[in-house]
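This report walks through one protein chain, moving from the overall arrangement to single residues. Please keep the sequence and the model in view while reading.

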Amino acid sequence: MKFSFATKKLAAGAICMLAVPAFSHIVLETKTAPAGSAYKAVFQVGHGCQGSATTGISVQIPTGFQGAKPYPKAGWALVTKLGKLVKPYDIHGKQISEDVTVVSWTASSKDAALQDAHFDEFTLRGKLPEAAGPLWFKVLQSCESGNLDWSELPAAGASSKGLEFPAVLLEVTGQEGAASMDSAPVHAPGAHQH
Ligand SMILES: [Cu+2]
């Protein structure tokens, strides 16, 4: 069965190469990172809502992602929302019981909106949890007309392939950090429905 294994790997690689930004959903530039590390999350927005320009990106910070700090963007108003933590954590001996739970960028003017034909990135950083596993960021993309709610999660252990509006996946790896592209959401051009 060596042959079929190699074929599968090759096919997966080809799909990954096809998943260029112009055809992508909202995805992270870096899709895997080691547990417990400082991580720079670059959310890449490849298209608007059915052709309508993007006017807002709102990211829900997943549990375990500590101290989210967004990068300001010229022309976009930045708002962070704090929430009480279910599990407080310590930083430099100080207990943190409240943390950033939502980060939103909103275009300050019509000119600042991200046209469907253009591409842009929204960035924040923070510290990853100590446990390996998938970390899902739910993202609400607002547009001049309508919005897209990137919040679908696959069943435990299943891939997000086939979901129409998958949440944004970061694969947090163990210390050995073997990255797998098989689990990354891919989005073939032919499958594009929105
Ligand atoms: Cu898409």
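The sections below describe the elements, the strand pairings, the nonpolar core and a few individual positions.

## Overall arrangement

The model discussed here is a predicted one. The protein contains 1 helix and 11 strands, and, read from the N terminus, the helix comes before the strands, in the order α-β-β-β-β-β-β-β-β-β-β-β.

Of the 194 residues in the protein, 24% are buried. When contacts are restricted to residues at least 6 apart in sequence, 70% of them join residues that are at least 24 apart.

## The open sheet

Four strands form an open sheet, in which the order is β1-β3-β8-β5 and the pairing is antiparallel. The edges of this sheet are β1 (27-28) and β5 (66-70), and because each has a single partner strand, one side of each is left without a neighbour in the sheet. As a general point, the strands of a sheet pair through backbone hydrogen bonds, in either a parallel or an antiparallel sense.

Within the sheet, β3 and β8 (residues 120-127) are joined in the antiparallel sense by 8 bridges. Two positions illustrate this register: Y39 lies opposite G126 of β8, and K40 lies opposite R125 of β8. On its other side, β8 runs antiparallel to β5, with 3 bridges joining the two strands, and here R125 of β8 is the bridge partner of K69.

## Strand β4 and its partners

Strand β4 is mostly covered, with 5 of its 7 residues buried. Antiparallel pairing links β4 to β9 (residues 133-143) over 6 bridges, and the bridge partner of T54 in β9 is C143. A further antiparallel pairing, over 5 bridges, links β4 to β7, where Q60 stands opposite V102 of β7.

S142, a residue of strand β9, offers a view of the surroundings of this region. S142 counts as buried because 21 C-beta neighbours lie inside 10 Å, a count to be set against the threshold of 20 or more that defines a buried residue. Apart from residues up to four places away in sequence, S142 touches T55, G56 and N147. Its C-alpha atom lies 10.0 Å from that of A107, although S142 and A107 are 35 residues apart in sequence.

## The nonpolar core

The largest nonpolar core is made of 31 residues, and those with the most contacts inside it are I26, F43, I57, V59, V139, V168 and L170. Two or more residues of this core come from each of β1, β3, β4, β7, β8, β9, β10 (147-150) and β11 (168-173). The largest share belongs to β11, which supplies 4 residues.

I26 shows how distant parts of the sequence are brought into contact around one core residue. Leaving aside neighbours within four places in sequence, I26 is in contact with F43, Q44, V45, V139, Q141, W150 and V168.

## Exposed loop positions

Which residues have a positive phi although they are not glycine? Q50 is one of them, with phi near 50 degrees, and H92 is another, again with phi near 50 degrees. Q50 is placed in the loop between β3 (38-45) and β4 (54-60), whereas H92 is placed in the loop between β6 (76-91) and β7 (94-107). Q50 counts as exposed because it has 12 C-beta neighbours inside 10 Å, and H92 is exposed because 5 other C-beta atoms lie within 10 Å of its own; the limit for an exposed residue is 12 or fewer.

Is E29 buried or exposed? E29, found in the loop between β1 and β2 (32-34), counts as exposed because it has 12 C-beta neighbours inside 10 Å. Beyond its neighbours within four places in sequence, E29 is nevertheless in contact with V42 and Q44. The C-alpha atoms of E29 and K40, which are 11 residues apart along the chain, are separated by 9.2 Å.

Notes:
Residues numbered from 1 in each chain as written. Predicted model: local features only at pLDDT ≥ 70, side-chain atom pairs only at ≥ 80, totals over all residues. Pairing = 2+ DSSP bridges. Contact = placed C-beta atoms within 7 Å. Core = buried A, V, L, I, M, F, W, Y, C linked by C-beta atoms within 7 Å.
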